[in-house]
Amino acid sequence: QVQLVESGGGLVQAGGSLRLSCAASRSSFSFNSMGWYRQAPGKQRDLVAAITSDGSTNYADSVKGRFTISRDNAKNTWYLQMNSLKPEDTAVYYCNAVEKLPLHGVIAYWGQGTQVTVSS
């Protein structure tokens, strides 16, 4: 079993920055992708950004140019640098990892979530 632990959320004014971190309890080399999702009250959980094992990245249109996902395999950690934050970025942010296992198929792991609140 893999545990993902997020950190870095908080309250920030519009235009400010935050960096979220997600630390995995074991090596992240076997993960096919790592990412960040967010869920605002009353809304579904949506993909914010993802990075694959070969380093390809994918971003939601709403965060392109403002957010950057990166990873440090040596630390089993990935990050979400969030700049130029807007009130509409307010949500609970969840980190995610996907692993494809030969006998078990695709397994998704989730962190516990960290609150990001952007004040206007």
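**Entry 1: Asn76**

I began with the surroundings of Asn76 in this predicted model. Not counting residues up to four places away in sequence, Asn76 touches Cys22, Ala23, Ala24, Arg26, Ser27 and Ser28. I located Asn76 itself in the loop between strand S7 (67-72) and strand S8. Is Asn76 buried or exposed? I read a relative accessibility of 17% for Asn76, and because the cut-off for a buried residue is under 20%, Asn76 counts as buried.

**Entry 2: Ser21**

I next looked up Ser21, which is placed in strand S3. Its relative accessible area is 15%, so I entered Ser21 as buried. Which residues does Ser21 contact, once neighbours within four places in sequence are left aside? I listed Val5, Glu6, Ser7, Trp36, Thr77, Trp78 and Tyr79.

**Entry 3: Arg26 and Glu99**

Arg26, one of the residues touched by Asn76, also forms a salt bridge with Glu99. I noted 2.7 Å between the closest N and O atoms of this pair. The two partners come from distant parts of the chain, 73 residues apart: Arg26 sits in the loop between strand S3 (18-24) and strand S4 (33-39), and Glu99 in strand S9 (residues 91-101). I then compared the accessibility of the two partners. Arg26 is partly exposed, at a relative accessible area of 30%, whereas Glu99 is buried, at 4% relative accessibility.

**Entry 4: Arg38, Asp89 and Arg66**

I turned to Arg38, which forms a salt bridge with Asp89; their closest N and O atoms lie 2.9 Å apart. Arg38 belongs to strand S4 and Asp89 to the loop between strand S8 (77-82) and S9, so this salt bridge ties together parts 51 residues apart in sequence. I recorded both Arg38 and Asp89 as buried. Which residues are joined into one network by salt bridges that share partners? I found Arg38, Arg66 and Asp89 in that network.

**Entry 5: Asp61 and Lys64**

I also looked up the salt bridge between Asp61 and Lys64, where the closest N and O atoms are 3.1 Å apart. Asp61 is exposed, with a relative accessible area of 64%. For the protein, I noted a count of 4 salt bridges.

**Entry 6: Charge and surface**

I counted 11 positive and 8 negative side chains in the protein. The centres of these two sets lie 1 Å apart. I took the accessible surface of the protein as about 6300 Å², with 49% of it belonging to carbon and sulfur atoms. Buried residues make up 40% of the 120 residues.

**Entry 7: Overall fold**

How many helices and strands does the protein have? I found 0 helices and 11 strands. Along the sequence, the pattern is therefore written with β elements, as β-β-β-β-β-β-β-β-β-β-β. The radius of gyration is 14 Å, close to the 14 Å given by the globule rule for 120 residues, so the protein is as compact as a globular protein of that length. I noted that its C-alpha atoms fill a box of roughly 50 × 30 × 25 Å along the principal axes.

I closed with the contacts between residues at least 6 apart in sequence, of which 54% join residues at least 24 apart. The Arg26–Glu99 salt bridge, whose partners are 73 residues apart, is one link between distant parts of the chain.

Note on methods. Residues are numbered from 1 along each chain as its sequence is written. This is a predicted model: local features need pLDDT of at least 70, side-chain atom pairs count only at pLDDT 80 or more; totals for chains, interfaces and linings use all residues. Side-chain values use heavy atoms; hydrogens and water are left out. Helices (H or I, at least four residues) and strands (E, at least two) are DSSP runs, numbered from the N terminus. The radius of gyration is taken over C-alpha atoms; the globule rule is 2.2 Å times the number of residues to the power 0.38. Buried means under 20% relative accessible area, exposed over 50%, partly exposed in between (1.4 Å probe, protein chains only). Contact means heavy atoms within 4.5 Å. Accessible areas come from the Shrake-Rupley method with a 1.4 Å probe; for residues, only the protein chains shown count as cover. Lys and Arg count as positive and Asp and Glu as negative; His and the chain ends are not counted. The place of a charge is taken as NZ of Lys, CZ of Arg, CG of Asp or CD of Glu. A salt bridge is a side-chain nitrogen of Lys or Arg within 4 Å of a carboxyl oxygen of Asp or Glu.
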